[in-house]
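Please find below my notes on the aromatic rings and the nonpolar packing of this entry. They are set out as numbered points.

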Amino acid sequence: MRMGTYATISRVERKLIVTKVHHNMKFKDLAALIALGALWGGSFLLIRIAVPAFGPFALIGARIAIAGVLLYVGLALIGRAPSGLAGNARQLLVLGAVNAAIPFTLIAWAELRLSASLAAILNATTPLFGAFLSIVWLGERITPKRGSGMLIGVLGVATLVGWSPVAMTGAMTLSIAAMLLASASYAFAGVHTKRNLSHLPSSTLAFGQQAAAFAWMIVPALLNPPRLPVPRGAIWSLLGLAVLCTSVAYLLFFRLIARIGPTRTYTVTYIIPVFGMLWGHLFLGERVALSMFVGLAMILSSMLLVNDVGMPRIVRFGRASRAPSGDAPC
């Protein structure tokens with residue numbers, strides 16, 4: 001469909017088109033969602049390694065700065081330099097705050113006391129916040145099927161990682177509250193993007209968010225420099241956070257927001273603990289327990305329920321059939 005034709009139709013017709021496009025998640029969108037979970041699954045471990053040396057403000061300031069530079073250079077090299085930043089500066093400043101500066105810093109501060117596993121569990125509340133906000137602001141309907149899928153996902157995360165009793169000191173309570181606030185901030189960012197920034201391409205959103213977040217973080221980062229010398233492991237963790245968990249991950253994230261909506265995109269938080277445990281086993285030799293497989297099965301089941309995944313049909317010789325008329329090919 002040409003842009004000129006789309007611009008002339010009514011708002012009701014546009015809503016019907018968007019509803020049709022986003023009704024089922026395509027297989028390639030599911031693959032992108034899993035890849036995003038793999039990238040962000042490692043972020044809690046990397047933060048846990050780096051934050052004691054850098055401190056939360058310096059770590060997040062450096063993460064955002066490096067990611068922003070890499071995003072701009074990479075996008076310029078492939079001919080997709082961000083555009084439309086000035087005309088959307090106010091909305092991008094909001095996005096940079098609620099989707100990067102605030103939640104990144106809250107998570108880093110919380111992980112000074114919380115384990116990476118517990119932080120990942122608490123982060124799984126993001127879809128619940130997102131579902132509530134989508135009902136209020138976007139008019140989305142949470143069916144019993146999707147609601148039960150979200151519940152199964154939360155239970156799967158608890159089964160997978162395990163909820164170890166912790167001493168509920170004042171500092172621990174504040175750390176847990178910080179993680180929940182970070183999750184709510186992420187959920188608000190998804191709805192904000194859908195309402196106010198969906199007309200921008202993913203490249204502009206990804207870079208604009210980092211530039212705006214850096215504007216928020218530059219003063220706190222400079223006022224709270226890291227303690228020297230910084231261990232080599234902390235430096236490598238920072239680079240991993242900036243390159244993989246931020247630059248690459250947010251390009252995937254905004255693409256998914258545009259294609260499948262915020263509620264479904266935020267089910268990625270169900271996958272994050274899966275990959276957190278997997279990377280721990282592969283690179284740190286952590287023990288793989290039976291609960292991992294049980295939790296994984298529950299989480300994948302929840303994804304199918306919540307996202308109503310449309311898998312490609314298989315025909316002879318292993319080739320997928322054509323997509324239905326009006327839909328993009330798988």
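1. The model is predicted. I start with Tyr250, which has a relative accessibility of 1% and therefore counts as buried, the limit for that label being under 20%.

2. Tyr250 shares helix 12 with Phe253; the two are 3 residues apart, or about one turn of the helix. Phe253 is likewise buried, its relative accessible area being 1%. The ring centres of Tyr250 and Phe253 are 5.5 Å apart and the planes stand at 80 degrees, so this pair is edge-to-face; the class begins over 60 degrees.

3. In total the structure holds 7 aromatic pairs. Another of them joins Trp40 to Phe253, with 5.6 Å centre to centre and 55 degrees between the planes. That angle does not exceed 60 degrees and is not under 30, so the pair is classed as tilted.

4. The Trp40–Phe253 pair links distant parts of the chain. Trp40 belongs to helix 3 (residues 27-41) and Phe253 to helix 12 (residues 232-260), a separation of 213 residues. Trp40 has a relative accessible area of 11%, so it too is buried.

5. Which residues do the ring pairs link into a cluster? They are Trp40, Phe104, Tyr250, Phe253 and Phe254.

6. One member of that cluster, Phe104, also has a charged neighbour: the charged end of Arg63 sits over the Phe104 ring, 3.9 Å from its centre. A second arrangement of this kind involves Arg113, whose charged end sits over the ring of Trp109 at 4.9 Å from the ring centre.

7. Nonpolar side chains tend to be buried together in soluble globular proteins. Here the largest nonpolar core has 64 residues. Those touching the most other members are Trp40, Phe44, Leu59, Leu114, Met179 and Phe253. Helix 12 supplies the largest share of this core, with 11 residues.

8. Apart from the largest core lies another one, of 9 residues. Its members include Ala124, Met150, Tyr270 and Val306.

9. Where do the contacts of Phe253 lie once residues up to four places away in sequence are not counted? Phe253 touches Leu36, Trp40, Asn99, Thr265 and Tyr266. Phe253 thus recurs in these notes: it pairs with Trp40, pairs with Tyr250, and is listed among the core residues that touch the most other members.

Conventions. Residues are numbered from 1 along each chain as its sequence is written. This is a predicted model: local features need pLDDT of at least 70, side-chain atom pairs count only at pLDDT 80 or more; totals for chains, interfaces and linings use all residues. Side-chain values use heavy atoms; hydrogens and water are left out. Rings of Phe, Tyr and Trp (its six-membered ring) pair if their centres lie within 6.5 Å; planes under 30 degrees apart count as stacked, over 60 as edge-to-face and the rest as tilted. Helices (H or I, at least four residues) and strands (E, at least two) are DSSP runs, numbered from the N terminus. Buried means under 20% relative accessible area, exposed over 50%, partly exposed in between (1.4 Å probe, protein chains only). A charge sits over a ring if NZ of Lys or CZ of Arg is within 6 Å of the ring centre and within 35 degrees of the ring normal. A nonpolar core is a set of buried Ala, Val, Leu, Ile, Met, Phe, Trp, Tyr and Cys residues joined through side-chain atoms within 4.5 Å. Contact means heavy atoms within 4.5 Å.
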